[in-house]
Amino acid sequence: MRIFAALAAGLLLTGFGMAAAQPAMPGAELLPEGAGRDTTLRVCTGCHAPDVIVNRTQKAAPWSDVVQAMVEKGAEATPDETAQIAAYLKKALPETPA
Ligand code: HEC
């Protein structure tokens, strides 16, 4: 029995180790450095990975509207942080007219 417990613990540990070794989040590398990037990654990846942001379908929607919509869905950010995020995304992933 003990050996099983030890094996299970070992498997769990290697599992966690591998998860930690993976790149943080799919799409994070597509967000360029810049003021507001850290805040964006912290606030905006609780519900979906950054690739949802990078590969958004409504590319013409102003980022300030998108950020506001996410706050209404439950994203937690102060008004200062939402402004930072919207400004960062506008620069990093410019809106493209439809
Ligand atoms: C409380 C959960 C939650 C948080 C936090 C959140 N989102 Fe979302 N987001 C969603 C859901 C659910 C969807 C898919 C449904 C939709 O598009 O309305 C989505 C979809 C998106 C899309 C895709 C829309 C498209 O045009 O394809 C973008 C872009 C986006 N989120 C940006 C953000 C940004 C920027 C933040 C940080 C301010 C953020 N999200 C934080 C829940 C969240």
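# Exercises on a predicted helical model with a ligand

Helix 2 (37–44), helix 3 (50–54), helix 4 (63–73) and helix 5 (79–92) each supply at least two residues of the shell around the ligand. The model is a predicted one. Work through the exercises with the structure open.

## Exercise 1. The ligand shell

Find which helix supplies the largest share of the shell around the ligand, and sort the shell residues by chemical class.

**Solution.**

Step 1. Start with the residues that come nearest. Of the 18 residues around the ligand, these are Cys44, Cys47, Gln58, Gly74 and Ala75.

Step 2. Assign the shell to helices. Helix 4 gives the largest share, with 4 residues.

Step 3. Sort by class. The shell holds 11 nonpolar, 5 polar and 2 charged residues.

## Exercise 2. The overall fold

State how many helices and strands the chain has, and what percentage of its residues is buried.

**Solution.**

Step 1. Count the elements. The chain has 5 helices and 0 strands. Along the sequence the pattern reads α-α-α-α-α.

Step 2. Check burial. Of the 98 residues in the chain, 13% are buried.

Step 3. Look at the contacts. Take those between residues at least 6 apart in sequence: 66% of them join residues at least 24 apart.

## Exercise 3. The two sides of helix 4

Decide which residues of helix 4 are buried and which are exposed on the other side.

**Solution.**

Step 1. List the buried residues of helix 4. They are Trp63, Val67 and Met70.

Step 2. Look down the axis of helix 4. The buried residues fall within an arc of 60°, so they line one face of the helix.

Step 3. Turn to the other side of helix 4. Asp65, Ala69 and Glu72 are exposed there.

Step 4. Find the packing partners. The buried residues of helix 4 pack against helix 2 and helix 5.

Step 5. Follow the chain past the helix. Glycine 74 comes after helix 4, and its phi is positive, near 130°. Gly74 is also among the residues that come nearest to the ligand.

## Exercise 4. The buried face of helix 2

Identify the buried residues of helix 2 and what covers them.

**Solution.**

Step 1. Pick out the buried residues. In helix 2 they include Thr40, Val43 and Cys44.

Step 2. Test whether they share a face. Down the axis of helix 2, its buried residues fall within an arc of 80°, so they line one face of the helix.

Step 3. Name the cover. It includes helix 3, helix 4 and helix 5.

## Exercise 5. Helix 5: length and sides

Compare the expected span of helix 5 with the distance between its end C-alpha atoms, then locate its buried residues.

**Solution.**

Step 1. Take 1.5 Å a residue. The 14 residues of helix 5 should then span 20 Å. The end C-alpha atoms are 20 Å apart, which agrees.

Step 2. List the buried residues of helix 5: Gln84, Ile85, Tyr88 and Leu89.

Step 3. Read the arc. These residues cover only 125° around the axis, which puts them on the same side of helix 5.

Step 4. Check the other side of helix 5. Pro79 and Asp80 are exposed there.

Step 5. Find the partners. The buried residues of helix 5 pack against helix 2 and helix 4.

## Exercise 6. The nonpolar core

Name the residues of the largest nonpolar core and the helices that each supply at least two of them.

**Solution.**

Step 1. List the 9 residues of the core. They are Val43, Cys44, Ile53, Trp63, Val67, Met70, Ile85, Tyr88 and Leu89.

Step 2. Map them to helices. Helix 2, helix 4 and helix 5 each supply at least two residues of this core.

Step 3. Zoom in on tryptophan 63. Leaving out residues up to four places away in sequence, tryptophan 63 touches Ala86, Leu89, Lys90 and Glu95.

## Exercise 7. Two loop residues

Is glycine 46 buried or exposed? Classify alanine 77 in turn.

**Solution.**

Step 1. Place glycine 46. This residue sits in the loop between helix 2 and helix 3.

Step 2. Count neighbours. Glycine 46 has 10 C-beta neighbours inside 10 Å, so it counts as exposed.

Step 3. Place alanine 77. This residue sits in the loop between helix 4 and helix 5.

Step 4. Count again. Alanine 77 has 18 C-beta neighbours inside 10 Å, so it counts as partly exposed.

Step 5. List the contacts of alanine 77. Leaving out residues up to four places away in sequence, it touches Val43, Val71, Thr82 and Ile85.

Notes
Residues numbered from 1 in each chain as written. Predicted model: local features only at pLDDT ≥ 70, side-chain atom pairs only at ≥ 80, totals over all residues. Near = placed C-beta within 6 Å. Nonpolar A, V, L, I, M, F, W, Y, C, P; charged D, E, K, R; others polar. Buried ≥ 20, exposed ≤ 12 C-beta atoms within 10 Å, placed from the backbone. Arc of directions from axis to C-beta. Contact = placed C-beta atoms within 7 Å. Core = buried A, V, L, I, M, F, W, Y, C linked by C-beta atoms within 7 Å. Expected span 1.5 Å × (residues − 1).
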